[in-house]
Amino acid sequence: MAKSPEEEHPVKAFGWAARDPSGHLSPFTFSRRVTGEEDVRFKVLYCGICHSDLHSIKNEWGFSNYPMVPGHEIVGEVTEVGSKVEKVKVGDKVGVGCMVGACHSCDSCTNDLENYCPKLILTYNGIYYDGTITYGGYSDSMVANERYVVRIPDGMPLDSAAPLLCAGITVYSPLKYFGLGEPGKHIGIVGLGGLGHVAVKFAKALGSKVTVISTSPSKKVEALEHLGADSFLVSPDQDELQAAMGTFDGIIDTVSATHPIMPLLGLLKSHGKLIMVGAPSEPLELPVFSLIIGRKTMAGSGIGGMKETQEMIDFAAKHNIRADIEVISMDYVNKAMERLEQADVRYRFVIDIGNTLAATKPSS
């Protein structure tokens, strides 16, 4: 007989969970494993809300397990380390992103690309080595193997660092891998949301010329004056599109809603690259002829390995890159999800777990 979430492991834990595809989140008592010899346990202080959380709690991708404690932009303070842990110590500030395990023997793992391991274990809604469901960061504590723990540099604000563990690495990795984040390159960023706004910051810090491509003319001032983009293109404006045809070395598309691809391919130079990092729940139409003319590439990219994630956080600290956030209390999370669905956030919600979760715990 299967044990209840509260009885699966020895260490009691508390968080908020979705119980069904309505996506409604509410207080949830569960448990975490004891700290193994290679494990790091930490008190969760902040957790960002990713668009993936919204997709997952509503089972929009079709593989959700309930009850589900979301959250894979998790930061906090180390409270216990296993006997073989060398990377961090008690009191250090750390984070956990989208994954907590992999096979560690495949080509991807041996090349520091655990994120592409066929046996990748997700931080939440995954199945851990022991067969139990993984629970994420909308909770009071977290335990993970040290391989999947990121050191947060001293002086880096934890609340605005949290979203970088997903949104940051999601855009940093393709900028580096596809050679787009370089001086002399002209890069388009499609969508100015949780992913897009940090993509602008990383691309600029890496030396690229950056144009924000958006359906919303109202975001122009924000893109140019606050985020530091070099130019702004309103994608429904045919005159603006036509004037920019064939001028981009690469485009990072962060949009998670269904949208046309052909106009974006037209913006690329020959040999240009369109990289998809948003994850629409419905298939997109692929205009193959637009790829053939100009030998253009359309590719996807998903987060990054742990080595690159640490590199990204260190780069962000050095260049003062932070996510623009709205900090919320735990009991506001359902309203935040409603607003996220309407794109009503600048640009990432972050839950103040450390100061507001305990107050939502039912009295025993």
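# A tour from Ser52 outwards

Begin by selecting Ser52, which counts as buried because its relative accessibility is 18%, where buried means under 20% relative accessible area, exposed over 50% and partly exposed in between, computed with a 1.4 Å probe on protein chains only. Before going further, note that this is a predicted model, in which local features need pLDDT of at least 70 and side-chain atom pairs count only at pLDDT 80 or more, while totals for chains, interfaces and linings use all residues. Residues are numbered from 1 along each chain as its sequence is written, and side-chain values use heavy atoms, with hydrogens and water left out.

## Ser52 and His72

Ser52 is part of helix α1, residues 51-57; helices here are DSSP runs of H or I with at least four residues, strands are runs of E with at least two, and both are numbered from the N terminus. Show the contacts of Ser52, taking contact as heavy atoms within 4.5 Å: apart from neighbours within four places in sequence, they are Trp61, His72 and Tyr124.

Select His72 next, in the loop between α1 and β4 (74-81). Is His72 buried or exposed? His72 counts as buried, at 8% relative accessibility. Beyond residues up to four places away in sequence, His72 touches Cys47, Cys50, Ser52, Asp53, Val96, Gly97, Cys98, Thr123, Tyr124, Leu165 and Cys166. A distance drawn between the C-alpha atoms of His72 and Cys47 should read 7.3 Å, although these residues are 25 apart along the chain.

## The two domains and the cores

Now colour the chain by domain, with domain 1 covering 11-166 + 324-360 and domain 2 covering 167-300; these bounds come from an automatic or database domain assignment. The C-alpha centres of the two domains lie 28 Å apart, and 13 residues of domain 1 are in contact with 18 residues of domain 2.

Which residues touch the most other members of the largest nonpolar core? Within this core of 58 residues, they are Leu164, Leu175, Val200, Phe202, Ile252 and Ile313, a nonpolar core being a set of buried Ala, Val, Leu, Ile, Met, Phe, Trp, Tyr and Cys residues joined through side-chain atoms within 4.5 Å. Elements that each supply at least two residues of this core include β3 (39-48), α4, α5 (194-205) and α10 (306-318), and α5 gives the most, with 6 residues. This core lies between domain 1 and domain 2, because both give residues to it.

Centre on Ile313, whose contacts, leaving aside neighbours within four places in sequence, are Val150, Arg151, Ile152, Pro153, Met156, Ala161, Leu164 and Leu165. Apart from the largest core lies another, of 43 residues, among them Leu54, Val88, Ile121 and Val333.

Val333 leads on to helix α11 (residues 333-341), whose buried residues are Val333, Asn334, Ala336, Met337, Arg339 and Leu340. Their cover includes β1 (11-18), β2 (25-32), α1, β16 (325-328) and β17 (348-351). Just after α11, look for Ala343, which takes a positive phi of about 60°.

## Cavities and a pocket

For the last stops, switch on a display of internal space. On a 1 Å grid over the protein atoms alone, a cavity is a set of points where a 1.4 Å probe fits but cannot get out, a pocket is an open set with protein on both sides within 12 Å along at least five of seven lines, and lining residues have an atom within 4 Å of a point. Grid points are joined across faces, edges and corners, and a volume is the space filled by probe spheres set on the points.

The structure holds 2 cavities of 30 Å³ or more. The largest cavity, with about 170 Å³ of space, is lined by 15 residues, of which Arg32, Arg33, Ile133, Thr134 and Tyr135 lie nearest its centre. Strand β8 (141-145) supplies the largest share of this lining, 3 residues.

The second largest cavity has about 70 Å³ of space, and its lining includes Gly97, Cys98 and Leu165, which were met earlier as contacts of His72.

Finish at the second largest pocket, where about 180 Å³ of space lies and where the lining is formed by Leu113, Tyr116, Ser173, Lys176, Tyr177, Phe178, Gly300, Ser301 and Glu308. Helix α4 (residues 167-177) gives the most to this lining, with 3 residues.
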